[in-house]
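Let's take a walk through this model together, going from aromatic rings to strands and then to the empty spaces inside.

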Amino acid sequence: MQIHIVEEGETVDAIAQAYGVPVEILILDNQLVYPYRLAIGQALYIPVYDSSGERPLAQISGYAYPYISPWVLGQTLPFLTELPIFSYGFTDDGWLVPPATEESWMIEMCEAQGVIPFLTLTPLDAQGKFNNALIASVVWNSVAGDRLILELIRTMQEKGYGGVDIDFEYIRREDRDAFTEFVRRATVILHEFGFRVSIALAPKTSADQKGLLYEGKDYPALGGIADSVLLMTYEWGYKYGPNMAVAPIHKVEQVVQYAVTEIPAAKIRMGIPNYGYDWSLPYVPNVTVANTIGNVEAVQIAITHFARIQYDETAQSPYFRYWQDDVEHEVWFEDVRSLEAKFNLVKNYGLQGMGYWQIMRWWRANWLALEDTFVIQKE
């Protein structure tokens, strides 16, 4: 891909002319808003018309809720291999709980675009939080666990799903091996019915990493069982945490470096965030709550407040600060520069591809840059 960093005084017309790109294409690809003002430091995607370069194959997934805009989903599906639909839950005795919004229309769109729909299974409780007691109830109770597997098969056959994505988080250390055995049993049975299995993995950097997020996931065992795994390499900067990059590249690479020692690289997808956060400053633990924003929205905030976008070379992530109502804010987000760094990791480590959390916001430059870098593998 080509990337242009906006300097003071530059205009859309002048940049388009310099690269020999129609100005309307530059505006469209970067989702610029009339009157097409730019932020100093903004990274612009510049289309490349020479496609003769060699591009590796990659499989791409992107999570979506059933209330996604049909237009956004239609625009995004051509760039996906799989669509994990978020999410189905379950009761402590193994009965499947469907999402609040009916999702059959998404599966139909997947079929039309050659994308495999995946049923995402999560232990979310009525409050929308990951409940590790629910996990324990099905991994230790074979009756409940088998009922859940049969429920999955029935639902996937009725709906037209092609696989299941198991996204169990905050698994207790004492439940780790029982969870692994549940996944093993489920995978054997699901394979018999022609279904695939993927597993979402917390971003570990070592086998003995401490913490509730990490101790319940056995990387080598789960990587050996599943057809693919997603490394959830995001949320270092998160809604309730301090202001920092959501997916700093040096932290992401540490996870990838460990993962490839335990799991075949050809099974691994690296997570990419399709969002950023806006923190009010100063950050106060247990008080400050960041506002979740889209990456296109972040640039518009910078433009509105005449903020200069900076780029952190260690995190390989853009950020800026601005003032509003006498409160200083700090924003971290993704742009085509941070994407290029992440794409290079996928290539350098020979990973299977990437998984996006999530595709609810349309980000045209991301998908065009992805297509410039990889051949998207569809079946």
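A residue counts as buried when its relative accessible area is under 20%, as exposed when that value is over 50%, and as partly exposed in between. Keep in mind that what you're looking at is a predicted model.

With that cut-off in hand, start at Phe-333: its relative accessibility is 2%, so Phe-333 counts as buried. Phe-320 comes out at 0%, so Phe-320 is buried as well.

Now for ring pairs in general. A pair of aromatic rings is described by how far apart the centres are and by the angle of the planes. There are 22 aromatic pairs in this structure. One of them joins Tyr-65 and Phe-86, with 5.3 Å centre to centre and 70° between the planes, which is edge-to-face. Tyr-65 sits in the loop between β3 (57-62) and α3 (70-76), while Phe-86 belongs to strand β4, so this pair ties together parts that are 21 residues apart in sequence. Are the two partners buried or partly exposed? Tyr-65 has 22% relative accessibility, so Tyr-65 counts as partly exposed. Phe-86 has a relative accessible area of 8%, so Phe-86 is buried.

Back to the phenylalanines we began with. The ring centres of Phe-320 and Phe-333 are 6.0 Å apart and the planes stand at 70°, so this pair is edge-to-face. Phe-320 is part of strand β14, and Phe-333 lies in the loop between β15 (327-332) and α11 (336-348), so the pair ties together parts that are 13 residues apart in sequence. As for Tyr-65 and Phe-86, they also belong to an aromatic cluster, together with Tyr-63, Tyr-67 and Trp-357.

Phe-320 has already brought us to β14, so let's look at the sheet around that strand. Strands of a sheet pair through backbone hydrogen bonds, in either a parallel or an antiparallel way. Here, 5 strands make an open sheet, and the order reads β12-β11-β15-β14-β13 with antiparallel pairing. At the edges are β12 (291-293) and β13 (310-312), each of which pairs on one side only. On average, neighbouring strands of this sheet are turned by 30° against each other, direction ignored. Zoom in on the β13 end: β13 and strand β14 (residues 317-324) run antiparallel and are joined by 3 bridges. Tyr-311, for instance, has Pro-318 in β14 as its bridge partner.

Next stop is β6 (residues 116-121), a mostly covered strand in which 6 of its 6 residues are buried. Which way do the residues of β6 point? Ile-116, Phe-118 and Thr-120 point one way, Pro-117, Leu-119 and Leu-121 point the other way, and all are buried. Strand β4 (residues 82-90) pairs with β6 in the parallel sense, over 5 bridges. In that pairing you'll find Glu-82 opposite Ile-116. β6 also pairs in the parallel sense with strand β7 (residues 163-166), over 4 bridges. There, Thr-120 stands opposite Asp-165.

What about empty space? Rolling a probe the size of a water molecule over the atoms shows where such space is left. Searching the whole structure turns up 2 cavities of 30 Å³ or more. The largest has a volume of about 190 Å³. Its lining has 19 residues, and Asn-30, Gln-42, Ala-43, Val-299 and Trp-363 lie nearest the centre. Both β2 (43-46) and α10 (295-304) supply at least two lining residues, and α10 gives the largest share, with 4 residues. Sorted by class, this lining has 11 nonpolar, 5 polar and 3 charged residues.

The second largest cavity has a volume of about 80 Å³. Some residues we've already met turn up in its lining: among them are Tyr-63, Glu-82 and Asp-165. The lining also includes Ser-61, Pro-84, Ser-198 and Arg-269. Elements that give two or more residues to this lining are β4, β8 (196-201) and β9 (228-231). The largest share, 3 residues, comes from β9. By class, the lining of the second largest cavity has 5 nonpolar, 3 polar and 3 charged residues.

Note on methods
Residues numbered from 1 in each chain as written. Predicted model: local features only at pLDDT ≥ 70, side-chain atom pairs only at ≥ 80, totals over all residues. Heavy atoms only, no water. Pairing = 2+ DSSP bridges. Axes fitted to C-alpha atoms, helices over the stretch in contact; angles between N-to-C directions. Buried < 20%, exposed > 50% of the residue type's maximum accessible area, 1.4 Å probe, protein only. Phe/Tyr/Trp six-rings, centres within 6.5 Å; stacked < 30°, edge-to-face > 60°. 1 Å grid on protein atoms, 1.4 Å probe; cavity = no way out; pocket = protein on both sides within 12 Å on 5 of 7 lines; lining within 4 Å. Points joined across faces, edges and corners; volume = space filled by probe spheres on them. Nonpolar A, V, L, I, M, F, W, Y, C, P; charged D, E, K, R; others polar.
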